[in-house]
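Let's take a walk through this protein, starting with the overall fold and then zooming in on a few spots in the backbone. Keep the 3D view open as you read.

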Amino acid sequence: MQDPSLEVDDRALPVEPTLFFGGEMSLRSKLVNGLGLTVLVVSATCFVWLMSSLPRIEGRIPIKGLELPVQVARDHAGVPRITARSARDAYFSMGWVHAQDRMWQMEMQRRVGAGRLAELIGEKGLGNDRFMRTLGIYRLAQASVERLDKPTREALEAYADGVNAWMRDHKHRLPPEFVALGAHPEPWVPADSLVWGRLMSLQLTNNWRDEVLKAKLAGRMEPRRLGDLWPNYPEDAPVTLAAATADAVLAAIPEMAEPRLASNVWAVAGSRTASGKPLLANDPHLGFQAPVLWYLMSVDAPGLSLAGATIPGVPFHLIGHNGRIAWGTTTTHADTVDLFVEKQVDADTYQTPLGAERFIRRDEVIHVKGAADETLAVRTTRHGPVISDLTAKDLVKPGEVIAFRSTALEAEDLTAQAFHKINRAIDWRSFTTALKDFHSPVQNMAFADTAGTIAFATAGRVPLRKSGDGSVPARGWTSEGDWAGWIPADKMPSQQNPKSGKLVNANNKVTPERYPYSIANAWPEAFRAQRIGDMIDAKKGLTMDDMATMQLDQLSLAAVELKELLGAPDSTDARALEAARLVAAWDGRASRDRSEPLIFAAWQDELWRGIFADELGDDFKSFQAVRPYVLANVLTSRRHWCDDVSTTEAESCEQQSARALERAVAALTARHGAAIAEWKWGTEHVAVFDNPVLSHIPLIGKFANAEIPSDGDDFTVNRGTYLPKSFRHIHGAGLRVVYDLADLSKSRFVIATGQSGNPLSRHYDDMMGAWRANQGLVLDRRAETKAVLRLEPGY
């Protein structure tokens, strides 16, 4: 009999087989039936074995390393509420529960950061491993553990003990991904929890890929034209990159190091709410995957009362409340990565302002599944590791190497310590004291407390440069661009209780006019921030429901602005004219059940390609995502871009727009039929959450992936970033939170997939509908409990 305390998904139960035996069987019949019975027995055994990987959620379990009994109560969505008698046991239990539900995610995170993917997936993992080993991300995480204060180290150690206790007792009942790849997790150590933060520091920075592309294009484009593509491009940019060198660097950047930027957060004072107390809303935006990055959890222990969002592998609440304060974050888009072009004197030395200096060298041995080990030679300059060595040496310009400087590579990083303190802060003063330890990535922190305060601060290390702003590569053989320290923490942007009664950030500019320091050279468009501010101002007596409704807002101010510039196309194609009329009458709401968002997205995509692909050539693939301000500038004042340089005639912007619409309508007709009014944005704009491993296994993959038609576009509050051409929704709000400071126990949380990382679990993707509708869960001890597990000290 199956243990009733095991979580079982009845949709995965097998159908009972029936064998028919009639009369005297022939030898062949006996063999067939015997083979069939063997297959069924093996299948049943495999099924039971796989189902044993599901977590036990009821009963009692003795666990070695636990000091006192702990209760883990779960609600109908599988969200755990840990009640412990000591902070040490609370962190231990967090590690144990995270491992229960997300051990594979934790394993992947640390392997990506450590550069050890190839051990599992062979040569396909080498690109990631070479890059991460070159940067030395995991080495830095290991070295930074001892720099943390004692309470933070003890929390990390207790958490690691909990993860290891789970692994020790479940080494033969691991999640399916371990089975599929034949992997066995090694013991968890504190550095494994810290490496995730350094990975985020690489992702949540200004787009340094653009720095490479700008330096490459500078070799064949005048500064003014580059300024059309990147406003604020410096006309005296000192460095260009050889095309081959730039291409080599771009090709070496793995997916996990790609910048991925966005998020919304806003707070309103009690003067604007129905309750008279603040409300705070937050939805961080990251790339989609199954399971989604976030994991909901509440914890109660002496001196510790937390509810909110965690990242499996990390023992702190990154977004949440503690009964007295609530906080949320957005990415600042600070420029914390610089590239330096170094002059190489010979294979061993490079030029500095003080003369030749030797490269620091080390070898990294990468184990490759199914192949021989690879030895990677890493060179480091005074600015950082040489990333141009990651490609074939004959592709790089002789005498030129590219060094990588990033706050993610600083020896000291106390960000984990900052979160440990944030979780215990009781007011704005203690919260900002904690932020002094917040190093990387640079984040905008929104705050509200039960006393009525709302506040905002930008936290993290932003470099002070001797010259320049870091927007283009610097000449490494000079001192220009060298980092000379950090913007002082007390000089970073901050606001407390503004007279307007509102604080809004959607990755828009955070610095006031005449701010004396450079945080970023360019900022994302302010469409989302403007829309949030407009919605706040439009209503008095705001409630939690109002905040949740705002998070789902579909009005694209970018589309409203751009569609007016597309004009009435001069076309003889009746279907294109019909599509144009629909877009002209459209209100700009990117709703999944409407045709206009699909037509508009396809139209602007084709227009963007028609305007820029001819001059950018092969580099257009790095510039495919539409940038509204750039497109608007071309259509209104820099119209020479509309001429296709590959033809003899001179095309106008009106011609380009008409032809783009005709191409878009033809492509959409081929995919969706002739009835334009029946086309739906949600047919193509589908939020896709792929399992990083199981999605690649035939037959199994489709069951491990999750998807749902979704609203929004790249500039709506309900963020719906999509791939050009396909319109697959791949990036957005994987977590949504609304805090009620009148009663924090009523705060609402929802994640995009589900709590479990195991596709066999009913909690793998059971929040998809609630996520799309923004029906948040209440993480309160008074919420209905569906299962209770008691962890007891084992000896």
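We'll go from the whole chain to its cores, then to one helix and some backbone details.

Before anything else, keep in mind that what you're looking at is a predicted model. The protein's secondary structure adds up to 23 helices and 30 strands. How does all of that pack together? The radius of gyration is 28 Å, close to the 28 Å that the globule rule gives for 795 residues, so the protein is as compact as a globular protein of that length. If you lay the C-alpha trace along its principal axes, the span is about 85 × 65 × 65 Å.

The contacts tell you something about how the chain folds back on itself. Take the contacts between residues at least 6 apart in sequence: 71% of them join residues at least 24 apart. Of the 795 residues, 59% are buried. On the outside, the protein exposes about 32,100 Å², and 53% of that comes from carbon and sulfur atoms. As for charge, you'll find 90 positive and 99 negative side chains, with the centres of the two sets 4 Å apart.

Now for the inside. The largest nonpolar core holds 148 residues, and Leu296 and Phe431 are the ones with the most contacts inside it. The biggest contribution to this core is from helix H2 (residues 87-114), which puts in 13 residues. Click on Leu296 and see what surrounds it: leaving aside residues up to four places away in sequence, Leu296 touches Val79, Pro80, Gly308 and Ala309, among others. Its list of partners also includes Leu735, Phe749, Val750, Ile751, Met767, Leu777 and Leu779. Apart from this core lies another one, of 50 residues, including Ala218, Leu631, Trp641 and Tyr722.

For a look at how one helix sits among others, try H16 (residues 557-566). Its buried residues are Leu557, Ala558, Ala559, Leu562, Lys563 and Leu566; yes, there's a lysine on that list. What do these buried residues pack against? Their partners are H14, helix H17 (574-585), helix H18 (596-616), helix H19 (628-636) and helix H20 (653-672). Just after H16 comes Gly567, with a positive phi near 75°.

That brings us to the backbone. Most residues other than glycine have a negative phi, and most peptide bonds are trans. With that in mind, here are some spots to check. Where is there a cis peptide bond? One joins Ala290 and Pro291, with omega about -5°. Pro291 is in the loop between strand E5 (279-287) and strand E6 (295-301). Another cis bond links Ser440 and Pro441, where omega is about 0°. You'll find Pro441 in the loop that runs between helix H13 (428-435) and strand E16 (443-449).

Then there are residues other than glycine with a positive phi. Asn507 has phi near 70°, and its place is in the loop between strand E22 (502-505) and helix H14 (527-537). Is Asn507 buried or exposed? Its relative accessibility is 0%, so Asn507 counts as buried, the cut-off being under 20%. Lys725 also has a positive phi, near 80°, and sits in the loop between strand E25 (721-722) and strand E26 (729-733). At 39% relative accessibility, though, Lys725 counts as partly exposed.

Conventions
Residues numbered from 1 in each chain as written. Heavy atoms only, no water. Helix = DSSP H or I, 4+ residues; strand = E, 2+ residues; numbered from the N terminus. Rg over C-alpha atoms; globule rule 2.2 N^0.38 Å. Buried < 20%, exposed > 50% of the residue type's maximum accessible area, 1.4 Å probe, protein only. Contact = heavy atoms within 4.5 Å. Areas by Shrake-Rupley, 256 points an atom, 1.4 Å probe, with all protein chains shown as cover. Lys, Arg positive; Asp, Glu negative; His and termini not counted. Charge placed at Lys NZ, Arg CZ, Asp CG, Glu CD. Core = buried A, V, L, I, M, F, W, Y, C linked by side-chain atoms within 4.5 Å.
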